[in-house]
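Visitor: Could you pick one part of this structure and take me through it closely? I'm in my first year, so please keep it relaxed.

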Amino acid sequence: MKVMSAIERCRTATLGGHVARCENETCAHTIIAYNSCRNRHCPKCQGTAAKEWLAEREAELLPVPYFHVVYTLPAPIADIAYHNKAVIYDILFRTAAETTVTIAADPKRLGARIGITAILHSWGSAMTHHPHIHMIVPGGGLSLDGAHWISCRPSFFLPVRVLSRLFRRLFLEQLVAAHEAGHLQFFGQHATLTDIAAFAAFLAPLRRSEWVVYSKKPFGGPQAVLAYLSRYTHRVAISNRRLIAVDDTGVTFKYKDYRIEGPERYKTMTLATAEFIRRFLMHVLPKGFHRIRHYGLFANSNRAENIARARELLAMPAPVIENEGLKAAEADEPRMLPHPCPCCGGRMMVIETFAPGCEPTHWPAHQPSVIRIDTS
């Protein structure tokens, strides 16, 4: 599989790299950094993408409370989503966004046009299949005529029970439409669901059950929003920091048991290597599928205009635009690494770039082994 191949080659000579040396001649500390695979499912390669994405979001933050809303699929639908990721995940995105935008625009609720940043996660802490949408939503929005800003009540966004009922109805309507159009596939114990009557019977209990929509308390400010987004946006099913050991018996990692409160919720689990890889690969997204999407005021088509209008109504100063001439001048300078020299604190200058499959001509002095630096 391409994902596993990319992760295996990540930060090896197979992908090439560069050599950097401290510009302080009395130090001249030299390091070799192999290139990252930049696959979006690689646990090591999300750093740069996350930083760039967060910089754009920081410039768009408004001086209002932000809420965190979570939409979760019931387990029976999560089961059939396993073989229908593109279709069902897309329905999950659309219906969760439509639900939130519709209820917010209702004059009996907020009566405003809101903005949404939605992020798909398909895993639980133990890497089981658990599709859900995380939403970051400002606590207010533009009036329907765009004349003024409407704020929600302190510490309260929208009623979750109302959100849950509309989400359930919209999702099931679109899921039935996808089934009738022949867009769903069924295997194993679900093979009989290709029949319309069997599928209707499968969905009947779900029309009566409560669907989980959770709205957390507002964040403590814009920086708290960014801190949260930095943990969630470019996340993969498991990060390297959760790995404890790998040996002949399998892979041991840390996970969180959400059914338990307190320190006891943090546990360890050991899976056979094949099972660990299977669980990880369950969360590889279909090619071209976007796991971060924006809706309402933040939809890409009118995002800049809507944010400018919100800033104006909130009497918020316009963001400072970086001088393009300065950026052009900096482009002519030698490439520098973002981190300083570990020996003297000086700047690390790239002195050589080597192609994939090749070795560098410059090597660190008195260095028994190659130092690999995270260049993602």
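Guide: Let's start with a word we'll need: a residue counts as partly exposed when its relative accessible area lies between the 20% under which it would be buried and the 50% over which it would be exposed. V87 is our way in, and V87 is partly exposed because its relative accessible area is 25%. One thing to keep in mind as we go: the model is predicted.

Where does V87 sit? It belongs to helix 4, which spans residues 85-105. Setting aside neighbours within four places in sequence, V87 is in contact with A178, H183 and L184. Now look for L175. Along the sequence V87 and L175 are 88 residues apart, yet their C-alpha atoms are 8.8 Å apart in space. That kind of long jump shows up across the chain too: of the contacts between residues at least 6 apart in sequence, 72% join residues at least 24 apart.

L175 brings us to the part I'd like you to look at closely, the largest nonpolar core. This core has 48 residues, and L175 is one of those with the most contacts inside it, along with Y71, I77, I88, M135, F167, F171 and L175's other companions on that list. Several elements give two or more residues to the core, including strand 3 (66-72), helix 3 (75-81), strand 5 (115-123) and helix 6 (196-208). Helix 4, where we started, gives the most, with nine residues.

Try zooming in on F171. Leaving out neighbours within four places in sequence, F171 is in contact with L73, I77, I88, I91, L92, T95 and W211. Two of those names, I77 and I88, should ring a bell, as they are on the list of residues with the most contacts inside the core. There is also a second, separate core of 21 residues, and I136, L142, V225 and I292 are among its members.

Let's follow one of the core's contributors, strand 6, back to where it begins. H129 is found in this strand, which covers residues 129-138. H129 is buried, since its relative accessible area is 18%, under the 20% cut-off. So what does a buried histidine's side chain have for polar company? One partner is Y89: the side chains of H129 and Y89 make a polar contact of 2.8 Å. Another is A78, whose backbone oxygen lies 3.1 Å from a polar atom of the H129 side chain. Not counting residues up to four places away in sequence, H129 also touches A81, Y82, S122, M282 and H283, among others.

H283 and M282 can lead your eye to helix 8, which runs over residues 273-281. In this helix, F276, R279 and F280 are buried. Those three cover an arc of only 100 degrees around the axis, so they sit on the same side of helix 8. There's a handy general reason for such spacing: an α-helix has 3.6 residues a turn, so residues three or four places apart point the same way.

Helix 9 (residues 303-313) gives you another case to compare. Here R303, N306, I307, A310 and R311 are buried. They fall within an arc of 135 degrees when you look down the axis, so they line one face of helix 9. On the other side, A304, E305 and E312 are exposed.

Just past that helix comes A315, with a positive phi near 55 degrees. It sits in the loop between helix 9 and helix 10 (324-331). With a relative accessibility of 69%, A315 counts as exposed. A28 also has a positive phi near 55 degrees, and this residue lies in the loop between strand 1 (17-22) and strand 2 (30-34). A28 is partly exposed, at 31% relative accessible area.

One last stop: the cysteines. The whole structure contains zero disulfides. C22 is buried, at 4% relative accessible area, and its sulfur is 3.4 Å from the closest cysteine sulfur, in C344, which is too far for a bond. C341 is buried at 4% as well. The closest cysteine sulfur to that of C341 belongs to C27, 3.7 Å away, and that is too far for a bond.

Terms used
Residues are numbered from 1 along each chain as its sequence is written. This is a predicted model: local features need pLDDT of at least 70, side-chain atom pairs count only at pLDDT 80 or more; totals for chains, interfaces and linings use all residues. Side-chain values use heavy atoms; hydrogens and water are left out. Contact means heavy atoms within 4.5 Å. Helices (H or I, at least four residues) and strands (E, at least two) are DSSP runs, numbered from the N terminus. Buried means under 20% relative accessible area, exposed over 50%, partly exposed in between (1.4 Å probe, protein chains only). A polar contact is a pair of N or O atoms within 3.5 Å; within protein, one must be able to donate a hydrogen and the other to accept it, and residues adjacent in sequence count only if both atoms are side-chain atoms. A nonpolar core is a set of buried Ala, Val, Leu, Ile, Met, Phe, Trp, Tyr and Cys residues joined through side-chain atoms within 4.5 Å. The arc is that of the directions from the helix axis to the C-beta atoms. A disulfide is a pair of cysteine sulfur atoms within 2.5 Å.
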